[in-house]
Amino acid sequence: MKAMRIAEGVYWVGAIDWNLRNFHGYETEKGSTYNAYLIIDEKITLIDTVKEPFKEEMLARISSVIDPAKIDVIVSNHAEPDHSGALPYIKSIAQNATIYAAAGAGVKDLTAYFGDLGYVGVKAGETLSLGKRTLTFVPTPMVHWPDNMVSLMTPDNILFSNDAFGQHYASDERFDTECDLPEAYIQARKYYANIVQPYGMQTGKALAALSGLKIDTICPSHGVIWTQHIPDILALYQSWVANEYDDTVAIVYDTMWHSTEAMAHAIENAFLAAGYKPRLYNLHYCHNSDIIADAMTAKYIAVGSPTLNNNMMPSVASFLTNFKGLNGNKKKYIAFGSYGWGGQSPDQVYEALKSPKCEALMPAVKIAYKPSAEQLEKIAADVSEALKNE
Ligand code: FEO
């Protein structure tokens with residue numbers, strides 16, 4: 001386990017979690033990394049740590065460069081345990097190290113997790129000289145916890161951005177210039193959609209705070225380091241924060257005997273005819289977090305469920321819980337579903353989707369038992385009409 005040099009005197013000393021497949025419900029099919037960075041200057045500095053089970057991996061990487069007991073400064077940009085879990089361990093070795101975190105929320109959260117390890121709170125614009133280099137701290141509250149901050153190191157112009165611009169993407173390559181770049185963008189989008197999306201307004205403020213700074217390298221706390229593609233990842237973040245739409249439509253459903261599925265296809269036909277690119281997601285096969293990532297830039301979403309025991313299907317309830325918590329982009333919606341008797345599910349879906357961010361395109365669509373060809377044509381015609389009236 002060796003450190004990886006990323007710039008003169010700056011090393012990646014994190015951990016690769018090849019087997020991570022679930023990050024509180026978010027399916028991480030590519031694993032992840034927990035990125036910690038070591039700076040060799042007059043003050044030996046560690047930026048963030050790793051998830052607790054990976055503490056020995058981090059220690060081995062630090063030890064390949066320097067005696068870890070010599071660390072003078074530890075910066076905790078974010079107290080979530082995937083970055084702070086190894087903090088007590090490294091502090092027990094680097095006993096003279098001072099731990100810096102955001103004044104207020106950062107110190108509070110670290111104290112709640114680990115007790116008093118002697119934290120020093122830092123405020124917006126505060127600086128810390130490491131010798132030849134200086135760290136400037138920029139709070140980024142709610143991107144995505146109250147305590148988040150980023151640290152800019154000059155004169156190297158390296159931004160330690162923590163979760164911002166991260167990707168759950170395990171790889172041996174550390175840089176955007178070496179990795180499978182399309183995969184890095186896919187994972188950056190999925191990460192934003194499933195972690196950061198509810199806090200678009202705060203993310204916009206963070207981007208504005210960073211906009212005047214010269215940044216040559218972005219070192220996030222997950223995934224690859226951005227060097228040659230900084231304008232591209234910044235532009236993607238700007239477009240997501242601006243809630244820009246594409247021409248896709250998310251049609252999400254579960255089905256028992258293919259009746260709700262047939263309704264989904266009728267809705268698909270209407271959107272196709274109107275020039276959109278509908279994408280269908282059967283919840284039996286598709287993971288919520290992939291749908292959330294795809295649907296982020298869709299203007300329309302349709303959600304369908306058969307009625308099962310007077311309720312929507314549990315898979316649909318699970319998706320709606322995820323969607324309601326994460327959706328940050330205003331959408332028009334269609335609720336639909338089939339039933340044998342009772343028939344409560346379409347109205348339940350309709351009510352569940354109603355929110356300041358989501359407005360119904362049309363009343364809930366319901367069909368008893370198996371929809372006839374005429375009924376499916378009518379569904380498509382009703383959706384087309386509703387779209388024309390937009
Ligand atoms: Fe990667 Fe919010 O922790």
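**Exercise 1. Two sides of a helix**

On helix H4 of this predicted model, Lys108 and Ala112 are exposed. Find the buried residues of H4 and work out why they share a side of the helix.

*Solution.*

Step 1. Start with the exposed pair: each of Lys108 and Ala112 has over 50% relative accessible area.

Step 2. Now look for residues under 20%. Along H4, which spans residues 105-114, these are Gly106, Asp109 and Leu110.

Step 3. Check their directions. The three buried residues cover an arc of only 95° around the axis, so they sit on the same side of H4. Lys108 and Ala112 are on the other side.

Step 4. Recall a general rule: an α-helix has 3.6 residues a turn, so residues three or four places apart point the same way.

Step 5. Ask what covers the buried side. The cover includes helices H2 (81-84) and H3 (87-93), along with strands E9 (73-76), E10 (98-102) and E11 (119-122).

Step 6. Finish by walking off the end of the helix: glycine 115 follows H4 and has a positive phi, near 75°.

**Exercise 2. A space between domains**

Locate the second largest cavity relative to the two domains.

*Solution.*

Step 1. Write down the domain bounds: domain 1 runs over 4-241 and domain 2 over 246-388. Their C-alpha centres are 38 Å apart, and each domain brings 13 residues to the contact.

Step 2. Count the cavities. Searching the whole structure gives two of 30 Å³ or more, and the second largest has a volume of about 40 Å³.

Step 3. Read its lining: Tyr192, Gln197, Ser239, Trp240, Asn243, Glu244, Met296, Thr297 and Asn329.

Step 4. Compare these numbers with the bounds. Both domains give residues to the lining, so this cavity lies between them.

Step 5. Sort the lining by class: three residues are nonpolar, five polar and one charged.

**Exercise 3. Reading a pocket lining**

Describe the second largest pocket by its volume, its lining and the classes of its residues.

*Solution.*

Step 1. Note the volume, about 180 Å³.

Step 2. List some of the lining: among the residues are Phe23, His24, His144, Trp145, Asn194 and Leu326.

Step 3. Match residues to elements. Helix H5 (181-196) and helix H10 (314-326) are the elements that give two or more residues to this lining.

Step 4. Sort by class. The lining has seven nonpolar residues, five polar and no charged.

Step 5. For practice, set the largest pocket beside it: its volume is about 300 Å³, and its lining has seven nonpolar, six polar and one charged residue.

Note on methods: Residues numbered from 1 in each chain as written. Predicted model: local features only at pLDDT ≥ 70, side-chain atom pairs only at ≥ 80, totals over all residues. Heavy atoms only, no water. Buried < 20%, exposed > 50% of the residue type's maximum accessible area, 1.4 Å probe, protein only. Helix = DSSP H or I, 4+ residues; strand = E, 2+ residues; numbered from the N terminus. Arc of directions from axis to C-beta. Contact = heavy atoms within 4.5 Å. 1 Å grid on protein atoms, 1.4 Å probe; cavity = no way out; pocket = protein on both sides within 12 Å on 5 of 7 lines; lining within 4 Å. Points joined across faces, edges and corners; volume = space filled by probe spheres on them. Nonpolar A, V, L, I, M, F, W, Y, C, P; charged D, E, K, R; others polar. Domains from an automatic or database assignment.
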